[in-house]
Amino acid sequence: MIASLVVVLPFAGAVLGLLLSRYPHGRSPAEDLVANKRAAWFGVVPTALSTALIGWLAWEDTPSTSVLTKIDTGGIAITVGLEVAELSVLTAMLVGVVALAVQVYSVGYMRGESRYPSFSAFISLFTSAMLLVVFAADLLVLYVGWEIMGLCSYLLVGHWWEERANSRAAIKAFLVTRLGDVGFLFGIFVLGFAAGSFRIADIMAADIPDSTLVLATLLLLAGVAGKSAQVPLHTWLPDAMAGPTPISALIHAATMVAAGIFVVARLYVLFPQPTLDVLGVAAAIGMLGAALAAFAQNDLKRVLAYSTISQLAYMAAALAGGARDAAVFHLVTHGAFKALLFLCAGAVIHHVGSNLLGHMGGLRRSTPVTFWTMTIGYAALIGLPPASGFFSKDAILYGLERSSSPIQLLLYGSALLTVGVTGAYATRAWLMTFFGTGKIQALPEPAPGTAHVFDGREAPLSMLWPMGVLAVPALLLGFTDAGEFHLAPAVTALVVALLGAAFVYVIWRGAPERDPARLLGAFRDPCEQVFYVDRLYAAVFVRPVLALARGVVRADDHVVDGAVRSTGRATVGLSGLVRHLQNGNAQLYVTGVLAGVLLIAVGAVVLG
Amino acid sequence: MHVVYPAVVAALLFSIGVYGVLARRNTILVLMSVELMLNAVNLNLVAFDVWLRDVLHSGQVLTLFVIVIAAAEVGIGLAIVLAVFRTRKAIELDRLRELGEP
């Protein structure tokens with residue numbers, strides 16, 4: 001009952017925000033201001049209420065299921081219902097808090113933006129969809145939320161669609177995730193038909209043969225890889241950074257991309273070993289590759305995007321290694337600290353007026369609040385005690401160490417290496433942003449798609465507050481699960497991470513104005529280009545498809561349309577011949593009639 | 001009398017009518033040719049009515065009917081010819097081609 005309120009409230013906020021923000025319609029700057037103010041209320045209040053209700057659910061802590069209606073489809077019925085369980089409340093809490101922080105943050109970030117009402121309404125719609133995914137008791141209901149999230153991601157990435165690159169990034173994100181979602185949908189069908197029900201509880205209780213399970217979960221895995229940006233469907237996430245930074249924080253760091261991991265955790269009992277091994281191999285490749293790519297990027301948001309891919313792969317590796325609880329724990333802490341990092345990055349970008357690390361430097365003094373909150377975020381990302389990431393990474397490493405998975409060695413080795421590289425790239429980004437000499441130049445009036453330039457001040461309070469609030473869980477969330485703490489893997493991880501960080505620090509110290517990424521040497525270019533995966537996809541998939549599309553267009557133009565057009569031309573030409581017969585002489589016509597009658601008569605006699 | 005004689009005469013009359021309709025240029029002569037064709041048919045009707053010994057004499061009845069229609073037709077036809085002559089000073093069929101395709 002409360003769960004349905006939790007889901008419906010942001011949805012109502014979205015509807016109200018879209019319909020009433022600009023009522024009565026007007027386009028003058030003053031009316032824009034009124035509309036933005038109203039839209040801000042429509043965005044913030046329902047999300048806050050919803051978050052409070054989730055808090056209540058967490059307080060009550062009683063699993064419950066409520067069914068609104070059962071849709072008879074003629075085949076397997078669809079149960080429209082919500083299920084409250086520990087995992088869903090935990091994830092919903094994360095979603096609610098991050099969504100609230102982002103809503104408040106974007107009030108400041110999008111100030112004066114004429115399309116802010118639709119922006120905040122889409123965030124609300126997204127929040128509602130994500131909560132639906134989290135609480136869904138039926139796989140098809142989950143899928144509905146899953147697709148609405150994809151739609152919102154598309155709309156919000158393309159928020160500044162005036163720039164062609166942004167709308168292209170939005171389309172890329174949409175198409176790549178859709179590719180995975182096809183698999184996801186069929187996975188749901190296979191599971192549903194095997195179990196005779198789409199209800200998650202029924203499916204988990206059903207006795208499904210192993211081969212069917214492998215097939216179904218592999219199909220589900222395609223959707224998970226698409227949504228969670230896992231190898232090989234990860235290419236959309238870095239490009240999706242074209243969207244406004246609050247969106248990157250909410251959708252592309254904390255919540256939507258975590259939905260894939262959430263679904264695997266939710267249906268964990270269904271995943272047989274072969275599927276988990278596939279997931280593990282993809283995760284092992286993804287986490288190290290993405291971390292290396294993050295090290296070589298020059299765009300702050302792209303660094304964080306690759307870091308997100310790497311950390312999501314971490315969770316996937318934990319799932320593959322059998323450490324489900326550790327994965328969920330890391331999902332929550334990562335959601336908190338990565339959202340914080342993105343919000344801080346937004347403040348930095350707001351301040352500098354550029355995304356590029358090369359344009360930043362020395363921001364420690366001019367933006368102290370951003371500096372400290374972002375430092376907490378980086379500490380959590382690297383896994384320094386006492387930040388939350390320290391505990392969750394420790395849990396994952398411990399789980400991987402004890403894992404009985406056949407690819408345990410690969411997972412553990414990759415995870416440990418990634419810890420080191422994570423330390424390196426986080427330190428690099430931190431140093432290049434906040435230390436060294438300031439390189440802020442007066443930039444020309446920014447094009448749509450870049451943030452506004454502020455002159456040497458901190459971001460407005462509405463942006464600083466959410467950062468401060470998110471810094472608390474990023475710092476302290478780890479202690480909620482500190483009872484599960486294991487010293488040995490923690491020390492190992494800490495040493496490796498500090499090694500990576502120290503390495504970068506020494507390099508940076510030698511020449512603060514130069515990019516520490518040069519330590520990769522000849523390996524730097526492949527890392528910056530993300531091992532040419534994008535180029536490979538362009539060569540193998542994009543270009544052939546485009547060529548095929550052009551061929552289809554040509555065939556349509558010349559064959560199909562050509563047939564139609566030449567039919568018309570032939571008719572006109574023939575009628576041009578025939579019209580000469582119509583010369584106005586009635587006797588000629590009668591002759592024709594007579595000839596016809598004679599022909600018919602002769603025909604009737606001969607053939608009859 | 002054998003039915004062949006009137007039938008042959010009717011066929012000849014009809015052929016003359018067809019020739020007149022197709023070949024004559026004068027509209028009045030074309031109308032007259034049409035009358036010839038109608039009368040060929042009338043001859044046939046009467047001849048076969050007798051030949052088949054029709055009790056109801058439907059052939060003869062139909063002949064009377066055709067004669068009436070032919071009279072009406074000639075009336076209208078001549079009126080049209082008159083109207084055409086008044087406006088165009090000509091009744092040659094092959095010169096009346098305003099409805100032809102250019």
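**Group meeting: helices, domains and spans in chains A and B**

Okay, let me start right at a helix contact: on one side, in H10(A), we have Leu250(A), Ile251(A), His252(A), Ala253(A) and Ala254(A), and they meet Met256(A), Val257(A) and Ala258(A) in H11(A). By class, that contact of H10(A) with H11(A) comes out as seven nonpolar residues, one polar and no charged ones. Before I go on, keep in mind that this is a predicted model.

So what about the geometry? Two packed helices are described by the angle between their axes and the distance between the axes. Here, H10 covers residues 245-254 of chain A and H11 covers residues 256-266 of chain A, and their axes come within 3 Å and cross at roughly 20°. Anything under 35 degrees counts as roughly parallel, and H10(A) and H11(A) are therefore roughly parallel to each other.

Now, how many of the ten residues of H10(A) are buried? Ten of the ten, so to speak a mostly covered helix. You can click through them on screen: Thr245(A), Pro246(A), Ile247(A), Ser248(A) and Ala249(A) are among the buried ones, and His252(A), which turned up in the contact with H11(A), is buried as well.

Zooming out on chain A. The chain is divided into domain 1, residues 272-520, and domain 2, residues 538-607. The C-alpha centres of those two domains of chain A lie 69 Å apart. There's also a record to mention: an unreviewed UniProt entry lists residues 71-119 of chain A as "domain: NADH-Ubiquinone oxidoreductase (complex I) chain 5 N-terminal". In the model, residues 71-119 of chain A are 57% helix and 16% strand, with the end C-alpha atoms 33 Å apart.

Over to chain B. Again from an unreviewed UniProt entry, residues 6-22, 29-52 and 64-85 of chain B are listed under "transmembrane region". What does the model do with two of those? Residues 29-52 of chain B are 96% helix and 0% strand, and their end C-alpha atoms lie 34 Å apart. Residues 64-85 of chain B are 100% helix and 0% strand, with end C-alpha atoms 31 Å apart.

One last residue, Ser15(B). You'll find Ser15(B) in helix H1 of chain B, residues 4-23. Is Ser15(B) buried or partly exposed? Partly exposed: its relative accessible area is 44%, and the partly exposed class runs between 20% and 50%. The C-alpha atoms of Ser15(B) and Met37(B) are separated by 7.7 Å, with the two residues 22 apart along the chain.

That's my tour, happy to rotate things on screen.

How values were computed
Residues numbered from 1 in each chain as written. Chains lettered and ligands numbered in written order. Predicted model: local features only at pLDDT ≥ 70, side-chain atom pairs only at ≥ 80, totals over all residues. Heavy atoms only, no water. UniProt positions renumbered as here; feature names shortened; annotations may be inferred. Helix = DSSP H or I, 4+ residues; strand = E, 2+ residues; numbered from the N terminus. Domains from an automatic or database assignment. Axes fitted to C-alpha atoms, helices over the stretch in contact; angles between N-to-C directions. Parallel < 35°, antiparallel > 145°, perpendicular 65-115°, else oblique. Contact = heavy atoms within 4.5 Å. Nonpolar A, V, L, I, M, F, W, Y, C, P; charged D, E, K, R; others polar. Buried < 20%, exposed > 50% of the residue type's maximum accessible area, 1.4 Å probe, protein only.
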